[in-house]
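Here are some notes on the model you sent over, jotted down point by point. Have the structure open while you read.

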Amino acid sequence: MRRWLIRILVAVLVLAGVGALVFRQQVGDVYGYLFPGGIVDDALDRTSDPAPTIDGPPLPEATDEPPTSDEPPAVELEQLAELDLPSAVVDPLGAGPVLVSTLGGLVHLVDLGSGDTEVVLDLTDRVSTGGERGLLGMAADPDGERLYLDFTDTDGDTRI
């Protein structure tokens, strides 16, 4: 009786090991297709070894001083509107204003030329806020006919 139990246990362990190898190969095949450069294969094979380094120009020395340059910055920021805790921006099709959501549950239409804002959707009575809650995101469908919202409802559940 004991021998049969040991044989069954060995068979289960062998099958589990083969299954793990097959699963790892399938995962490697899928990610190998998605990332032909071998990013995932390297990650699957890595244990505690450090990540490989990439040859390139040396990094500048660390300093506490901000970089200085006589050239103007490549990007300049300009405040267009004053909104309370903006969380997402959607640029609908065509020229015109953009939609900006706030964590509190408002969706504003913002004119980028003038900075004028108008509340076009108010979900404040359906959204709970605080911590990582609120109206967290939004997206427009490609046709521009629907707006999808991701928010935390008053029960603390995520709604889309």
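1. Pocket first. The largest pocket holds about 200 Å³ of space. Bear in mind that this is a predicted model. The lining is made by L80, A81, L83, P86, V89, V98, V100, V110 and L112. If you want to place that lining on the fold, look at strand 1 (86-90) and strand 2 (98-102): these are the elements that give two or more residues to it.

2. Overall layout. The protein comes to two helices and seven strands. Reading from the N terminus, the order is α-α-β-β-β-β-β-β-β, with the two helices ahead of the strands. As for burial, 18% of the 160 residues count as buried.

3. The open sheet. Three strands make an open sheet, ordered 5-6-7, and the pairing is antiparallel. Strand 5 (135-140) and strand 7 (158-159) sit at the edges; each has a single partner strand, so one side of each is left without a neighbour in the sheet.

4. Register between strands 5 and 6. How many bridges join strand 5 to strand 6? There are five, and the two strands run antiparallel, with strand 6 covering residues 147-152. If you'd like a handle on the register, take A139: its bridge partner in strand 6 is Y148.

5. The salt bridge. The structure holds one. The side chains involved belong to R159 and D153, at 2.9 Å from N to O. Are the two partners buried or exposed? D153 is buried, because its relative accessible area is 8%, under the 20% cut-off. R159 comes out at 41% relative accessibility, so R159 counts as partly exposed. The bridge therefore joins a buried acid, D153, to a partly exposed arginine, R159.

6. A nonpolar patch. On the surface, V120, L121 and L147 make a nonpolar patch of about 200 Å². V120 belongs to strand 4 (residues 117-122). Why can V120 be part of a surface patch? Its relative accessible area is 44%, so V120 is partly exposed, and patch residues need over 30%. L147, another member of the patch, falls within the residue range of strand 6, 147-152.

7. Where to click. For a quick check in your viewer, start with R159 and D153 for the salt bridge, then go to A139 and Y148 for the pairing of strand 5 with strand 6. After that, V120, L121 and L147 will show you the nonpolar patch, and the residues lining the largest pocket include V98 and V100.

Terms used
Residues are numbered from 1 along each chain as its sequence is written. This is a predicted model: local features need pLDDT of at least 70, side-chain atom pairs count only at pLDDT 80 or more; totals for chains, interfaces and linings use all residues. Side-chain values use heavy atoms; hydrogens and water are left out. Patches are made of residues with over 30% relative accessible area and no salt bridge: like charges are joined within 9 Å, nonpolar side chains (Val, Leu, Ile, Met, Phe, Trp, Tyr) within 5 Å. Accessible areas come from the Shrake-Rupley method with a 1.4 Å probe; for residues, only the protein chains shown count as cover. A salt bridge is a side-chain nitrogen of Lys or Arg within 4 Å of a carboxyl oxygen of Asp or Glu. Helices (H or I, at least four residues) and strands (E, at least two) are DSSP runs, numbered from the N terminus. Buried means under 20% relative accessible area, exposed over 50%, partly exposed in between (1.4 Å probe, protein chains only). Two strands pair if DSSP finds at least two bridges between them. On a 1 Å grid over the protein atoms alone, a cavity is a set of points where a 1.4 Å probe fits but cannot get out, and a pocket is an open set with protein on both sides within 12 Å along at least five of seven lines; lining residues have an atom within 4 Å of a point. Grid points are joined across faces, edges and corners, and a volume is the space filled by probe spheres set on the points.
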